[in-house]
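Q: Hi! I'm new to this one, could you walk me through it?

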Amino acid sequence: MSQAADATHAHAPTSTGIDHKKLIMWLFLASDCMFFGTLISTHLLYRKLYPTGFTDAEGHQQFVKNLFNIELTSFSTFILLMSSFLMALAVSAMHKGQVKSFRRNVLGVIFFGLIFLGCQVYEFTHFYHQGLTIQNSVLGSTFYVLTGTHGTHVAIGVLWLILLYFYSFTGKLTGHMAGLDVEIAGLYWHFVDIVWIVIFTAVYLVEYLGPSGFWGTGLPLAK
Amino acid sequence: MSEAVAHDPDFLAEEVRRYHHFITLALWLAAITGAEIVLIFVPVPMPVILTLLSLMSAIKFFAVILWFMHLIYDHKLLFWIFMCGMVLAFATYAALLALFSVDRIDTKWFS
Amino acid sequence: MSHDSHHAPVADKMELAPERSDLGLIRPDRTRGLFDWLTTVDHKKLGIMYGAFAMFFFLVGGVEALAIRTQLARPDNAFVTARMYNQLFTMHGTTMIFLGVMPLSAAFFNFLVPLQIGARDVAFPRLNAFSLWTFVAGALVLNGSWFFEFAHLAGWFDNFAWHKALVYTDFAPANGWFSYAPLSGTFGQANDALQAPRFTGVGTDFWIIGIQILGVASLAASFNFICTIVNMRAKGMTMMRLPVFTWMTLVTSILIILAFPAITVALIELMFDRQFGANFFNPSAGGQPVLWQHLFWIFGHPEVYILVLPAMGIVSEILPTFTGKSLFGYPIIVFSGAVIGFLGFAVWSHHMFTTGLGPVPTAAFSLLTMAIAVPTGVKIFNWLGTIWGGRIRFTPPMVLALGFIWMFMCGGFSGVMHSAAPADAQQQDSYFVIAHFHYVLLGGVLLGLMAGLYFWFPKIFGRMPNAGVAYLASGMVILGFNLAFGPMHYLGLAGQPRRTHTYHAGNGWETWNYVATIGAFILGFGVFLAFANLVYTAFKGNKCSNDPWNGRTLEWSLPSPVPEYNFARSPIIAARDVFFEHKHGAYKLAYENDGGEAGVHMPSQSWFPLLAGFGFLIIGFGMPLMSMGVPHAGWVVISGVGVMFLGIWLWALEGPGGYMLKTPADPLGAAAPANAATSAH
């Protein structure tokens, strides 16, 4: 490609050498850290205030770990981690110009993302039937809004990747800009994954520490 | 950069190397996650578990951002931009949680 | 790669052949008039629109303020009802902050930043347009609530079932600009329709969704500006050669991207409480209303620095220009700005000293608040150092900038008084607080922004505002504002509480309230006169040269008004205050070999940012309609989301486009140094 053609495109050299789209995506991710930080800390401070968890459908006080299903959540965590891996492969493929390999990997990411979302939906339905709703407790409000917001981020990511997948068939996904566009989508997807790493530890795993869960330390066991 | 880059041999070799790193990393991430899940059922004191869990989560977190998200290969500015957001979020919300930990507000601070 | 942009350079965009985007639709590059303004991505036009909307909403907020002051002029007054009064002070604060000051600052960011760094536009021109139209959507949503309120008062809704079912009928927001829970939230248990009992009406919902939409606009613009300033500087424009105004834009934008997420989440939580029966702030279910205060002020305190830093940047440009000296201690001023921004995140609970935080947190926040006075003081000393020994020209911008220093200092003094928590216990929720923040916001921010308007108007429109009118208006503003808010220090300490629609005689408050009202009207007329003067000037003012003030920074090297391509050829920078150096000093402005007959790349115009912003408008009205119980209102919200996504999707698919515009070969031809000597008065 000639210099002149490159210069006429909106892809001019930048002061730092970093592409505009990459820079703006990292700025967005820094901002999103504050966003999820607020949601996670709201959940954590209410866990501290109300350590016994929630009252289930039969009216019993329950520890949160009796509500959670660690096998399911571990499975969905693995799924999301593996989707992140496939995303990295998809980006790598596009940088190498291998569109078919990109499509295979991106389809994998979409598939795993949908499985994750499916697990979330199953989990929410399961908790709802066990008696945890947004309306009946603070725990329900914080838990569903936090994990629901994360799930919404995943869904937006899945939608973005589906659109990229179909766009790759138009023949316009070529060259350096294609690698960049896929990399940007990849950054978003990986971020959604690392937020889940934090949520998995701070929201799920800590509920299993000790006999009463971390927040219930020192409290008598469930009746 | 132009499309010529995609066929540049050095660039391709670098991408292939990174590809192998990704596979290794994915296996380690899975292993660490497995270890976390096992750890919470191990009967050691809570502070130990908490420290180990935090450490493992931090390792996974930084592994993803440095390698999957390319920060280790990219301009340092991007790393510091993200660190600003993360550190500020962490500090602000640690402060907020500390504020909600004050159970008795009617005593002098030294008594 | 698409070859849309690779056609021949033209001298004027109207000479372009009609061109289709990747979607197959004609790009609106060849539009004129209204369609040109609606589809523009030119940072200068967007800046003008931001400024026009801001000035309009300043006047709206001003009318609200005058209604407040009329009500308070006498004890036991009945000019407005208590309910209307609550709506007035809420909308006054919200309008002034979000629809007055922030967009006026945005107007300056938009117009000036690319010019000051030597760029042709911002990093993402369509995102810039999206920010403007989303802001307009938010402004219409917030003020749309007034139409509902007046319609209700006029009885237009009386025959509707949903209206009869409403428990509370306040349609405009009435909980203060900070909308504290639990007043703004819910209590008790949600019913089957997920509606929990609440204390306020639909007005709160208008406020929630309005601020949320405005937040999106601010965030988008800030991401754009950080990217632009970091990544699009001309050759030789290192960070330490940037004009201070651009530095303050950078710091402000960083504050926005890190502070707005907190309010975004707080608003989501409050909205879930009201719409879906959640319990974040519901005391009956264990929710903690004080959490709202924390989250709000984690946003709210950086917000006030977001409001003031741009004005400080403007003053830092004006003082050197009219004293003929370079800014004293440039690196320290930049560093202080950054420190103020950073510390701004650490002091939020000083708004909550009376909520029972505990002695240790109170002491910590008190100390940190006092600490923030230090970098602010450093800036003031540096400004004084700039003026000292200079040859001062008392032009209108200079008079206003000097007023800023003095008035902002007064506001700072009362602020430091607040930082002592025991003193704050008396001052909290009294008129003393109102005095403090109006001194920093009016005496500080408004004077600074007005100074900026008078300073840069000649560059934006190529016409000079009438100096006599400017002095008169400035005098009225400064006099009126001091008369209005000076006495409030006394009134606050004498016990008059905030946010109360009237007071009884016999407390000794009558005289000063009356004086304050007179001051407010003088202030109002002064602001109106200033804005009217500026609007008149834009259309019919006397034309002036390109560099009437003997300016120092790059924008003064350009013709007035600035051509679409900004720089005929991209500049190469060798020093700070490079244009001043070029005219009077050792370093000359050099230019790259771009432009000329080969043309420069211009971004294409687009309808889709407007479409996406329109989606927000629909969401913004849909959500309150849901709260009103209007049937099927949820579908309105969903369709709004759909329109918004459609706008973004089409925007992504249309491709960047672009065209080549020829520029004159001689970059300084129209702005030769000979013009610089003409002074304004």
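A: Happy to; we can go through the chain interfaces, a surface patch and some local details.

Q: What should I know before we start?
A: This is a predicted model: local features need pLDDT of at least 70, side-chain atom pairs count only at pLDDT 80 or more, and totals for chains, interfaces and linings use all residues. Residues are numbered from 1 along each chain as its sequence is written, chains are lettered from A and ligands numbered from 1 in the order in which they are written, and side-chain values use heavy atoms, with hydrogens and water left out.

Q: Cool. How many residues of chain A are in contact with chain B?
A: 52 residues of chain A are in contact with 50 residues of chain B, where contact means heavy atoms within 4.5 Å.

Q: And how much area do the two bury?
A: Chain A and chain B bury about 4,700 Å² between them, and 80% of that is on carbon and sulfur atoms. Buried area is the accessible area (1.4 Å probe) that two parts lose on being put together, summed over both. On the chain A side, A:Trp26, A:Lys96 and A:Leu209 supply 14% of the area buried against chain B, more than any other three residues.

Q: How many salt bridges are there between chain A and chain B?
A: The count is one. The side chains of A:Lys22 and B:Asp74 meet in it, at 3.0 Å from N to O. The rule asks for a side-chain nitrogen of Lys or Arg within 4 Å of a carboxyl oxygen of Asp or Glu.

Q: Which element of chain A gives the most to the side that touches chain B?
A: That is α2(A), with 15 residues. Helices (H or I, at least four residues) and strands (E, at least two) are DSSP runs, numbered from the N terminus.

Q: Switching over, how does chain C meet chain A?
A: Here 45 residues of chain C are in contact with 40 residues of chain A. Chain C and chain A bury about 3,600 Å² between them, with 70% of it on carbon and sulfur atoms. The rule finds zero salt bridges across this interface.

Q: How many residue pairs are in polar contact there?
A: The rule finds 17, with both residues at pLDDT 80 or more. A polar contact is a pair of N or O atoms within 3.5 Å; within protein, one must be able to donate a hydrogen and the other to accept it, and residues adjacent in sequence count only if both atoms are side-chain atoms. α7(C) gives the most to the side of chain C that touches chain A, with 10 residues.

Q: Any histidine to look at in chain C?
A: Try C:His489, in helix α14 (residues 467-493) of chain C. The side chain of C:His489 reaches the backbone oxygen of C:Gly486 at 3.0 Å. Leaving aside neighbours within four places in sequence, the residues in contact with C:His489 include C:Phe432 and C:Tyr439.

Q: Where does a cis peptide bond turn up in chain C?
A: One joins C:Ala181 and C:Pro182, with omega about 0°. C:Pro182 is in the loop between α5 (161-164) and α6 of chain C. A cis peptide bond also joins C:Ser560 and C:Pro561, with omega about -10°.

Q: Last one, what about the backbone of B:His70?
A: B:His70 has phi near 70°, a positive value in a residue other than glycine. You'll find B:His70 in the loop between α2 and α3 (76-99) of chain B.
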